[in-house]
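The following exercises are to be worked with the sequence and the structure in view. Each task is followed by a solution in steps.

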Amino acid sequence: MSLGVYRSVLATPHAAKFAAACFVARVPMAMRAIACLMLVSALTGSYALAGAVSGVLGGAESVGYLLTARQADRWGQRPVILVSTVVHVTALVALVATVSWGAPGWTYFTAAVVAGLATVPYGSFVRARWAVAAESPDALQSAYALEAVLDELIYVVGPLVAVALATQLWRGAGVFGAAALVTAGGLALAAQRRTAPPPSPRGTSIGGQIMRQGGMWVVAAVYFVVGTYASALEPAVIAFARAHGSPGFAGVLLALITVGSALAGAVYGARKWSWPRPRLLVAVTTLLCAGSVPLVFADSIPVMAGCILVAGIGLSPVLVTASALISSLVGRSALNTAFAAAGSAASVGTAAGTAVSGVLIDWSGVPSTFLFATAVAGLGIVVSVAGRKALAVPARDAEQEPAPAAGQVG
């Protein structure tokens, strides 16, 4: 195993340029919600209204990911990026303007909905490009591991940038910063036509057929499990820190989940695995489940720190394996939609995990919430085992072959 494999992956022609552009465009993904929350709460004095507007923005983004991804598969990434960026940024500016001018509350929600629906799923776009650019299945796995690590970094950097802009400059600066970054990264990616996956032939049906392609239902279910698992841990960790008299330490504990996931993803992606990917999916979901068990027995902040680090180890390997499976299950003409559909499944899981964990904490305490997370991870094992046959046979749509860079499952 050598981490130098990532240098080789980035040496793929044009790869470093599109990866860098997508990274910049993805940072706002971790900025918009908190920037919106800080803007509305500061200028209206209502946290309830701020939370509602931020929640509507997030919900609209989940829908927007699928809408824009589907159009990208039909028309190509470039025109979708250009049109969506104009609409998205205009809506964000309108949000800042309406809040700043004290306009009626419904205008905030209108701007948030439009901004969310016009959001481009750059995480899906970059993975679709890697499926075209990667020179081998092993290189593709390493590329997806790299993106998983970058995703973790985004959720560390994004909130810090948003908070710094909003507190040091002006409350609306966080939203404007997100708009500026998504514009810069999006335009830089749109300019790189050579690495974009080809659009679907005219008349090809996209989107509605995605879940009927091979084992895509398995991958979507695994993404749902990951979203539910990760979001269930967050409130539980915060409640644990508060119960042990260290509420300020909750942020450190949550960061350790990211650290564990990023380190495991980097190591996992640097190694060449001889197992077929369906078997790997069973292994990594088992790792995720096993890593969550110690959380139930943690009885102090130091012990929890070690346990939560272990609990994050399975996250990136599961997502890396699932991403690689998508590239072998779906034809090139539907890659954007397929990745966006998986991401939407994770978003649904995130909402479910947060809701259930909140109820469990109030009703029966923190340990039961950790047990819930373990059970959810166990569901991932069941789904992976049940779906092995479906995952082992790449699906072929009527028009396109699966991406050759990941056509082998193994």
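Helices (H or I, at least four residues) and strands (E, at least two) are DSSP runs, numbered from the N terminus. This is a predicted model, in which local features need pLDDT of at least 70, side-chain atom pairs count only at pLDDT 80 or more, and totals for chains, interfaces and linings use all residues. Residues are numbered from 1 along each chain as its sequence is written, and side-chain values use heavy atoms, with hydrogens and water left out.

**Exercise 1.** Locate Leu57 and describe its surroundings.

Solution. Step one: Leu57 lies in helix α4, which covers residues 47-75. Step two: a relative accessible area of 2% makes Leu57 buried (buried means under 20% relative accessible area, exposed over 50%, partly exposed in between, with a 1.4 Å probe and protein chains only). Step three: beyond its neighbours within four places in sequence, Leu57 contacts Arg32, Cys36, Ala112, Ala115 and Gly116, where contact means heavy atoms within 4.5 Å. Step four: Thr337 is 280 residues from Leu57 along the chain, and their C-alpha atoms are separated by 20 Å.

**Exercise 2.** Is Asp151 buried or exposed, and which residues does Asp151 touch?

Solution. Step one: the helix that holds Asp151 is α8, residues 137-168. Step two: Asp151 counts as buried because its relative accessible area is 19%. Step three: with residues up to four places away in sequence not counted, Asp151 touches Arg26, Met29 and Arg127.

**Exercise 3.** How many disulfides does the structure hold, and why does Cys289 not bond to Cys307?

Solution. Step one: a disulfide is a covalent bond between the sulfur atoms of two cysteines. Step two: the criterion applied is a pair of cysteine sulfur atoms within 2.5 Å, and the structure holds zero such pairs. Step three: the closest cysteine sulfur to that of Cys289 belongs to Cys307 and is 15 Å away, so the distance is too far for a bond. Step four: Cys289 is buried, at 13% relative accessible area, and Cys22 is buried at 0%.

**Exercise 4.** Characterise the protein chain as a whole.

Solution. Step one: the chain has 17 helices and zero strands. Step two: its radius of gyration is 21 Å, which agrees with the value near 22 Å for a compact globule of 410 residues; the radius is taken over C-alpha atoms, and the globule rule is 2.2 Å times the number of residues to the power 0.38. Step three: buried residues make up 54% of the 410 residues.
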